[in-house]
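Here are some questions for a first look at this structure. Each answer sets a value against its definition.

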Amino acid sequence: MLGWTRAELARLGVRPSKKLGQNFTVNPKIIEYFLSQVPPSSLVLEIGAGLGVLTEALSSRASKVIALEKDKRLCEYLAKRFKGNEKVLIVCGDALEYPLEAEILVGSLPYSISGPFLGRVFTEGKWKKAVFLLQKEVAERLVTEPGTKEYGRLSVMAQLCCDVELGPKWGPKSFWPPPEVESQHVVLKRKRSLPKEFSQFLACVFSQRNKKAKKVLPRCGSSWEGEERVRELTPQHLWEAFERSRTLKGV
Ligand SMILES: C[S@@+](CC[C@H](N)C(=O)[O-])C[C@H]1O[C@@H](n2cnc3c(N)ncnc32)[C@H](O)[C@@H]1O
């Protein structure tokens, strides 16, 4: 796969863009893992289709794959590659804007957008299951507990929205060009959708994560009575504080 990927990029005259997080999958085990997590005959939205290696594999399992790609050069390549394949729809667009209206979301997410994109995932769409390949530190942040350095807005939203399971880790050599970081699969099963205002509330609260919650929460429209610091509040505590802020606002 490494030889094929390098040759295709050279043929297209595409130098992988760091800004677009273009680290293409060259380890077939990654594709196998994605496939093992996708229920047969489902409608799948793939984020960042790249050269279409995952798209191709998904199309043999799903009823339809909507393959989203932002890079116009790759969109043209994908449109040619999948011409005549009725199960694949190539969309040239931005994952930060495209509606998340599919049962299953998958993708090796470009590192540069994983934070804002996950923010959308937790608050939008009708999806039931999502299988993402993320930078290992971002994957760990989704399951980390209150009080840790990594605990923050994404941890709280992930744990309230979904059952979160960490999958296998993958080293830099699984990608071309090799990234500077390790990657890890994450599987999300949605329990409920969260309101967008909750994300804004958490951004306000965690901007002062080391301060006492009783000082910070009133500034974010809510209240708190204990001695805990913001970073020590559990997802459930924060959800209750958010609901109090809505009652105070009369929503
Ligand atoms: C890590 S690569 C994965 C490519 C391919 N799925 C693979 O596994 O080889 C991420 C892909 O996302 C695309 N991308 C980057 N930003 C995007 C965005 N905002 N919306 C959609 N695609 C994006 C990149 O151009 C790149 O093709």
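The turns below go from the model itself to single residues and then to the whole chain.

Q: What kind of model is this, and how are residues numbered?
A: The model is predicted: local features need pLDDT of at least 70, side-chain atom pairs count only at pLDDT 80 or more, and totals for chains, interfaces and linings use all residues. Residues are numbered from 1 along each chain as its sequence is written.

Q: What makes a residue part of the shell around the ligand?
A: Its C-beta atom, placed from the backbone, must lie within 6 Å of the molecule. 24 residues surround the ligand, and Thr-25, Gly-48, Gly-50, Ala-95 and Pro-110 are the closest.

Q: How do the residues of the shell divide into nonpolar, polar and charged?
A: There are 13 nonpolar, seven polar and four charged residues. Ala, Val, Leu, Ile, Met, Phe, Trp, Tyr, Cys and Pro count as nonpolar; Asp, Glu, Lys and Arg count as charged; the others, Gly among them, count as polar.

Q: Which residues does the UniProt annotation "binding site" cover?
A: The unreviewed entry lists Asn-23, Thr-25, Gly-48, Glu-69, Asp-94 and Ser-108. Such annotations may be inferred rather than shown by experiment.

Q: Why is Glu-69 called buried?
A: A residue is buried if 20 or more other C-beta atoms, placed from the backbone, lie within 10 Å of its own, exposed if 12 or fewer, and partly exposed in between. Glu-69 has 27 such neighbours, so it counts as buried. Glu-69 sits in strand β3.

Q: Why does Ser-108 count as buried?
A: Ser-108 has 28 C-beta neighbours inside 10 Å, so it meets the cut-off. Its place is in strand β5. Setting aside residues up to four places away in sequence, Ser-108 touches Thr-25, Gly-48 and Leu-133. Touching means that the C-beta atoms, placed from the backbone, lie within 7 Å.

Q: Why is Glu-227 called exposed?
A: Glu-227 has 9 other C-beta atoms within 10 Å, so it falls in the exposed class. Glu-227 lies in the loop between α9 and α10.

Q: How many helices and strands does the chain have?
A: The chain has 10 helices and nine strands. These are DSSP runs, numbered from the N terminus: helices (H or I) of at least four residues, strands (E) of at least two.

Q: What makes the chain as compact as a globular protein of that length?
A: Its radius of gyration is 20 Å, close to the 18 Å that the globule rule gives for 251 residues, so the chain is as compact as such a protein. The radius is taken over C-alpha atoms, and the rule is 2.2 Å times the number of residues to the power 0.38.

Definitions and conventions: Two residues are in contact if their C-beta atoms, placed from the backbone, lie within 7 Å.
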